[in-house]
Amino acid sequence: RAFPAMRGVLLLSAFWSQRAAAFDLLQTIGSFFGATKDETSEGSGETPAPYALFTHEAGQLHCDDRTLRHPCVLELKAFLEDRNNTAKRQHALSCVNEVMETSQDYWELKNMTHLLLDLDTKDHVFDKESRDNEFISAGIGFAKKLMAHPDCLQEFDTKGELECRCVPLYGKVSTLKLKNAGKYEEAQQLFQQVRQMGWEGQQRHYAPGEAVPWDNFHHTPQIWVRGLRSMPIWPRETWKDLPICSLLEEHFPTIQEETARAMADEAASGFEDAYRFLYEKGEWNRVLLYHGRKFTDECDRVFPKTCALLRQWLPSKPGLPWTSDQNEQVMVIKMKQGTDVETHSGPSNNILNIHLGISGLEGAKLFVANETYHWEEGKVIAWDGSYDHRVHCLDCKETRVIMMVRYMHPDMAPEHYKGHQRTHFEEIPLEMQ
């Protein structure tokens, strides 16, 4: 089936063409899912049906700008309250699969993707026991249908390359979910299908293979800045371009001393949950020292000497716009024994991760692009966070503590912003456009 007339014609593989459905102009579902309250039974005298399993009011969601409205609320709620009930499980799956088969509404497809793949909830829900189950498979099915939707595809025209576009975002999310489920062949197929896409629009034209320029099965960020060096690990011979690496090692005694003092009173030092949606068991906490171009109160209060040093080193490229709020950050992270963080990746290929090993490092493992690395006390590992990576402390003897500096890619320069009005994070100054 072909799409109706659009502003451009998409060059797609057979996979996408077979799943492309006619765009339904009726927006009854969409208006409901975009509403601020449930109005479907208003005036009828009936109690309105619940519109979502999880809400901001209940403190269950971490995406402040999204309300997760979706169908099948009662069916899914009944299943989650009694997971071992086969009949309730099948009833919920039947509702989910019927929506996936019939829906052409962009927001409904998007919200069902976010719901079933646990993208918005603070805790694991549908992949709580297993990363490979029918609900996760359904969530990936919704994501694939979403990527074939005209509103999703149209973002190749309506958004620039430095913004987060629909297809690379949900292509990345889906391939990561498949990898975490152990379905590497299916993940490889999806990776190839997304990478081979092209686009013919009114604003932009991409030949097949140019719309989403991923260069590696383990390297699939949703934002791709062209012309940057790509390597999973940045060896010491490259550190002339990453001066912060040597500076962290040089000043390790100061960082170690203040971190030990902070660990002695974690609550007063400002430690909080870190990325709770990426792991089910264990504990992974952080204290932010630098975020959003600002040094935190904890930085000055708990780490005063370290903070004075960081103020000399950051930002690394003053005046250059950020693609993400993570473009440059500093945090101290601790991970308890038994914690296993799933495979994930950063939002953009212009962000490097600089790790400084501090304490409790024995048995802790870092996996980047399918290779294994270990931290050493007082030593730095510099790596590209937009590659697939995973961390675990399953073999740790004690709590692992490191400092992480997110650092703008050293190749970033004003010319990377030419022809763009904004990034995902902020507006680009006129003189750089």
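Helices (H or I, at least four residues) and strands (E, at least two) are DSSP runs here, numbered from the N terminus. That is the naming for the whole tour, and the model you have open is a predicted one.

**Start with everything**

Show the whole protein as a cartoon. There are 15 helices and 13 strands in it. Of its 433 residues, 55% count as buried. Take the contacts between residues at least 6 apart in sequence: 71% of these join residues at least 24 apart.

**Stop 1: strand S13**

Select residues 400-408, which make up strand S13. How many of the residues of S13 are buried? The count is 9 of the 9, so the strand is largely enclosed by the rest of the structure. Now show the side chains. In a regular strand the side chains alternate between the two faces of the sheet. On one side of S13 you'll find Arg 400, Ile 402, Met 404, Arg 406 and Met 408. On the other side sit Val 401, Met 403, Val 405 and Tyr 407. Both faces are covered.

Next, add the strands that pair with S13. Strand S6 (329-335) runs antiparallel to S13 and is joined to it by 7 bridges. To find your place along this pair, look for Val 332, which stands opposite Met 403. Strand S8 (351-359) also pairs with S13 in the antiparallel sense, over 8 bridges. Here, pick out Leu 352 and you'll see it opposite Tyr 407.

**Stop 2: helix H11**

Keep S13 on screen and select helix H11, residues 243-250. Colour its buried residues: Ile 244, Cys 245, Leu 248 and Glu 249. Why do they end up on the same side of H11? They cover an arc of only 135° around the axis, which puts them there. An α-helix has 3.6 residues a turn, so residues three or four places apart point the same way.

What do the buried residues of H11 pack against? Among the helices, select H12 (252-264) and H15 (304-313). Among the strands, it's S8, S11 (380-384) and S13, so leave the selection from the previous stop switched on.

**Stop 3: a four-stranded sheet**

Hide that and bring up S7, S12, S9 and S10. These 4 strands form an open sheet in the order S7-S12-S9-S10, with antiparallel pairing. The edges are strand S7 (340-344) and strand S10 (371-373), each of which pairs on one side only. Neighbouring strands of this sheet are turned by 15° against each other on average, direction ignored.

Zoom in on S12, residues 389-392. Strand S9 (365-368) is joined to S12 by 4 bridges and runs antiparallel to it, while S7 and S12 pair in the antiparallel sense over 3 bridges. Click on His 392: it is the bridge partner of Lys 365, and also that of Asp 340. Then move along to Arg 390 in S12, where Phe 367 stands opposite.

**Stop 4: backbone oddities**

Most residues other than glycine have a negative phi, and most peptide bonds are trans. Here are three places to check against that.

- Ala 369, in the loop between S9 and S10, has a positive phi of about 50° although it is not a glycine. Ala 369 is buried, at a relative accessible area of 16%.
- Asp 118 sits in the loop between helix H5 (106-116) and helix H6 (134-147). Its phi is positive too, at about 55°, and Asp 118 is buried, with a relative accessible area of 5%.
- Pro 315 belongs to the loop between H15 and S6. The peptide bond leading into it from Leu 314 is cis, with omega near 0°.

**Stop 5: His 420 and its contacts**

Jump to His 420, in the segment after S13. Is His 420 buried or exposed? At 15% relative accessibility, it counts as buried. Measure from its C-alpha to that of Glu 161: the two atoms are separated by 7.9 Å, although the residues are 259 apart along the chain. Leaving aside residues up to four places away in sequence, His 420 touches Gly 160, Glu 161, Leu 162, Ile 428 and Gln 433.

**Last stop: the cavities**

Keep Glu 161 selected and switch on a cavity display. A search of the whole structure finds 4 cavities of 30 Å³ or more, and about 120 Å³ of space lies in the largest. Of the 13 residues lining that one, those closest to its centre are Glu 161, Ala 211, Pro 213, Gln 222 and Trp 224.

Technical notes: Residues are numbered from 1 along each chain as its sequence is written. This is a predicted model: local features need pLDDT of at least 70, side-chain atom pairs count only at pLDDT 80 or more; totals for chains, interfaces and linings use all residues. Side-chain values use heavy atoms; hydrogens and water are left out. Buried means under 20% relative accessible area, exposed over 50%, partly exposed in between (1.4 Å probe, protein chains only). The arc is that of the directions from the helix axis to the C-beta atoms. Contact means heavy atoms within 4.5 Å. Two strands pair if DSSP finds at least two bridges between them. Axes are lines fitted to C-alpha atoms, for helices over the stretch in contact, and angles run from 0 to 180 degrees between N-to-C directions. On a 1 Å grid over the protein atoms alone, a cavity is a set of points where a 1.4 Å probe fits but cannot get out, and a pocket is an open set with protein on both sides within 12 Å along at least five of seven lines; lining residues have an atom within 4 Å of a point. Grid points are joined across faces, edges and corners, and a volume is the space filled by probe spheres set on the points.
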